[in-house]
Amino acid sequence: MKEYTPKEIESKWQAHWDKTRLYETDEDTSKPKYYALEQFPYPSGDGLHMGHMRVYSIGDVVARFRRMNGYRVLHPMGADAFGLPAENAAINRGVNPKEWTLKNMDRFVKEQSLMGVSYDWDRYVGTCLPEYYRFNQWLFLLFYERGLAYRKQASVNWCPTCYTVLANEQVENGKCWRCDSEVTKKELEQWFLRITDYAERLLEGLDRLPRWPEKVKAMQRNWIGKSEGAHVTFAIPELNDEPVTVFTTRPDTLYGVTYMVMAPEHPLVPRLIKGKENEEVITRFIEKMRKETEIERTSTETEKVGYPTGAYARHPLTGEEIPIWVANYVLMDYGTGAVMGVPAHDERDFQFARKYHLPIRTVIQPAEGPLPEPLTEAYTEDGVLLNSASFNGMNNRTAIGAIAGHLAENNQGGPTVNYRLRDWLISRQRYWGTPIPMIYCDRCGTVPVPKEDLPVLLPEDVVFDGKSNPLTTSETFVHTSCPSCGGQARRETDTMDTFFDSSWYYMRYTDAKNKDMPFDPDKVNSWLPVDEYIGGIEHAVLHLLYSRFFTKVLHDAGMVAVDEPFNSLLTQGMVLKEGFKMSKSKGNVVSPLEIVDKYGADTARLFILFAAPPDRDLDWSDTGVEGSYRFLNRVWRLIGQHESLFGRNLTPAPEPDRDARELHRVLHQTIKKVTHEIGERSHFNTAISAIMELVNALYSYPEHADRGTLREALEKLVILLAPFVPHITEELWQIMGGEGSVHAQDWPSFDPEALVLNEVEIAVQINGKVREKLVVSTSASREEVEKQALAQERIQDLVDGKTVRKVIVVPGKLVNIVAK
Ligand code: ANZ
Ligand code: ZN
């Protein structure tokens, strides 16, 4: 047989698969469905990196394995193609963002194809294409109709370098997630999606996802940040008893409240300070606070700063009047923007009270006895109530419910739940995104673009100066007519956060060419939920939370039957080189294409899958790559050695010899292991090592043993390897005279009986001396074993002329014949 030439083989089969449409999605609904999905890439200017190669290799094994197991499989690919880099290329190098992106998308498709991944390219989705983004607009209008999209003036996170607004999720330690610039605050009219309406359902749904990593679920729970507590309403006597409500997780400490603190931006503050001593100071303080980020204000290193407003609030239970302060550490957009100060039992309040000489009143003490007076630190543990009127002596945990209940009965508040989750700010002042389909008319106000007028196309007559939103520079775009009154009107110039695009692309794949709707509900329901979603841990909060939110909204709108999109989630580990993440800055990048060029895609895939389980980090190793290449050559030669077996009709012997029976056992043990490791555990590395052992067994199979059994094992070997290394196996399958494509074969099933070790070699002794070896069935009775032993020619010769006095059988070990 000729030599193994991966380059030749791989391009040949890739072209052939394309031509025969081998990976077209099977729509035969009599089969069970399987949706295998890898996160689609952002088509950067650099092409595929090793991380991409790893995800696609994993996804491809999953998809191929399921197809061979009789599933109809959806395995699509696309490009997450809107976003800043295209626009920055436009600003810095004067290139057209659309051309730049389309070129990169093309490059990604080519490079993904070189890996031999089994995508159905007919369902390709590019989010920057009008045929896709028109449905972003369609969905935005659906959210708007359902009261889930709204516009409000908001103090927003602003990146002065990217010149755009960032969602809270995109601010990391006070810095822009993209460019690392210090994020500032800015007041703007912005579009939001009301994700907070879904906070509870987003939380509850996590409990129904047993096949998600615990770590990811914990990150989402933390982000949603549910906190159970109470609202407490105080009255402000000088404002005619106007109510002001605080949120607390500790209503049990209510009798220990000695002051109240409001966020500087709280709407009541200007009225409270009017004409008072601190009016000017506080007004300046408010201005300053508006510019600071949440992180700056709440960091533990930030000094707590406050001012008394000069106004008072009446305590709902004691009637006592307590001073109202403003301070930096109270945030306007958490809870109600106002808190009750309990210095005796809250660390932060204790510091604040010490600094500003506010009274400290103990209302909880340990069961063992009183706390020191004055307190030296806040007592934050559990205990029993004191100084709390009729609640004295009550355990504080019980008091939480009792006091909250008491407040509710008297219309002074009551139990409530608060979430850290904020509404999702989707407005971006950038060009390369989906225009928000809204129109502003002086007469009619905010008017949605009618669905039949979609898409609102991105204009091309724009200026990229890096200083303003390019959309505002297009006269043809900005000026329009009102859909309602026909008068002159202005278009919204904000575009959508690109996370909007990726929140539903996996639904679009199920009906990628639909021109009337984002997708047909029947089609989406025929495939969702995704059975295995493979991607990076960096999307644990943003993308996965937004996608879950979209699915729930579309479920409520009757467009999708499920309300959780991803049944199982596999977060792949990083690709390292010498212990460090591969990165341009570290200079340790290995290019996937170079490896493919040198060894072939099969070697690259095999190495990546063999080197580590998918959720672990993988250390790149050149010797490991060479080892994979050598293994494929070994398989190639193995088939070559036995080429003569394949031209004819050769089946296993009806009564196979012992070596054949052993090979049969090893083969079935391998089938069992590989099936389990891929199908149940996604441990592709251990599946591959099992196959390697089978190859060893095939190499040591003796020449005299049954050829039919060997041939069968070689065929099964090639089938078992097919999901990992699709090209070489297709070539070998053809050489072996296999019918059709190896990738269309049924996955081998294993015979549990074949796994049983059913023969054993025992020693035959005469008077304690080993004289012969004998293979017997493990199920043979003592009598049978004795009979067989005595029937051996050599034994008969040796006992000839003697009398057999006794025969001792030790099952599975030996037969001892006592003869005199
Ligand atoms: C009184 C109290 C007494 C509190 C005590 C705690 C301990 P989590 O668990 O994060 O929800 N708080 C409420 N709104 C706030 C805001 N806008 N800015 C800053 N702090 C705020 O925390 C809830 C607690 O954080 C609330 O319970 C409130 O302080 C404070 F011994 O009320 B607590
Ligand atoms: Zn109008």
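Where is the place of Thr-493? Thr-493 sits in the loop between β24 (488–491) and β25 (495–496). The model is predicted. In it, Thr-493 has a relative accessible area of 14%. Buried means under 20%, so this loop residue counts as buried. What does Thr-493 touch, leaving aside its neighbours within four places in sequence? Its contacts are Asn-469, Leu-471, Thr-472, Phe-477 and Val-478.

Two other loop residues share a backbone feature. Asn-240 is not a glycine, yet its phi is positive, about 60°. Asn-240 lies in the loop between β10 (226–236) and β11. Its relative accessible area is 75%, and Asn-240 is exposed. Ser-682 also has a positive phi without being a glycine; the value is near 50°. Ser-682 belongs to the loop between α21 and α22. Is Ser-682 buried or exposed? Its relative accessibility is 12%, so Ser-682 counts as buried.

Loops also hold cis peptide bonds. One joins Glu-373 and Pro-374, with omega about -5°. Pro-374 is placed in the loop between β16 (364–365) and β17 (384–385). Another cis bond joins Leu-528 and Pro-529, where omega is about 0°. Pro-529 is found in the loop between α16 (521–527) and β26 (532–535).

Now follow β11 to the ligand. Strands β11 (242–248) and β15 (338–341) each supply at least two residues of the shell around ligand 1. Which residues come nearest to ligand 1? Of the 17 residues around it, they are Ser-227, Thr-248, Leu-331, Tyr-334 and Arg-420. Several polar approaches can be picked out. From the side chain of Thr-248, a polar atom lies 2.7 Å from an oxygen atom of ligand 1. At Leu-331 the backbone takes part: one of its polar atoms is 2.7 Å from a nitrogen atom of the ligand. Tyr-334 brings an N or O atom of its side chain to 2.4 Å from an oxygen atom of ligand 1. How much of ligand 1 does the protein bury? Taken alone, ligand 1 exposes 650 Å², and the protein buries 85% of that.

Turn next to the strands, starting with β1. Strand β1 (residues 33–38) is mostly covered, with six of its six residues buried. Which residues point which way from β1? Lys-33, Tyr-35 and Leu-37 point one way. Tyr-34, Ala-36 and Glu-38 point the other way. All are buried, on either side of the strand. Strand β2 (residues 72–74) pairs with β1 in the parallel sense, over three bridges. Within that pairing, Lys-33 has Arg-72 of β2 as its bridge partner.

Another group of strands forms an open sheet. It has three strands in the order β29-β28-β30, and the pairing is mixed. β29 (580–581) and β30 (618–620) stand at the edges. Each has a single partner strand, so one side of each is left without a neighbour in the sheet. Strand β28 (residues 575–577) runs parallel to β30, and three bridges join them. In this pair, Val-575 stands opposite Leu-618 of β30.

The last stop is helix α23 (residues 707–721). It has 15 residues. From its first C-alpha to its last it reaches 21 Å, close to the 21 Å expected at 1.5 Å a residue. At its start, a side-chain oxygen of Asp-706 comes to within 3.5 Å of the backbone nitrogen of Gly-708.

Why is α23 largely enclosed by the rest of the structure? Eleven of its 15 residues are buried, and therefore the helix is largely enclosed. The buried stretch near the beginning of the list includes Gly-708, Thr-709, Leu-710 and Arg-711. Ala-713 and Leu-714 are buried too. So are Leu-717, Val-718, Ile-719, Leu-720 and Leu-721. An α-helix has 3.6 residues a turn, so residues three or four places apart point the same way. What covers the buried residues of α23? The cover includes α2 (50–68), α20 (622–641), α21 (658–679), α22 (684–699) and α24 (726–735). Two of these helices, α21 and α22, are the ones whose connecting loop holds Ser-682.

Conventions: Residues are numbered from 1 along each chain as its sequence is written. Chains are lettered from A and ligands numbered from 1 in the order in which they are written. This is a predicted model: local features need pLDDT of at least 70, side-chain atom pairs count only at pLDDT 80 or more; totals for chains, interfaces and linings use all residues. Side-chain values use heavy atoms; hydrogens and water are left out. Helices (H or I, at least four residues) and strands (E, at least two) are DSSP runs, numbered from the N terminus. The expected span of a helix is 1.5 Å times one less than its number of residues. Buried means under 20% relative accessible area, exposed over 50%, partly exposed in between (1.4 Å probe, protein chains only). Contact means heavy atoms within 4.5 Å. A polar contact is a pair of N or O atoms within 3.5 Å; within protein, one must be able to donate a hydrogen and the other to accept it, and residues adjacent in sequence count only if both atoms are side-chain atoms. Two strands pair if DSSP finds at least two bridges between them. A residue is near a molecule or strand if one of its heavy atoms lies within 4 Å of it. Accessible areas come from the Shrake-Rupley method with a 1.4 Å probe; for residues, only the protein chains shown count as cover.
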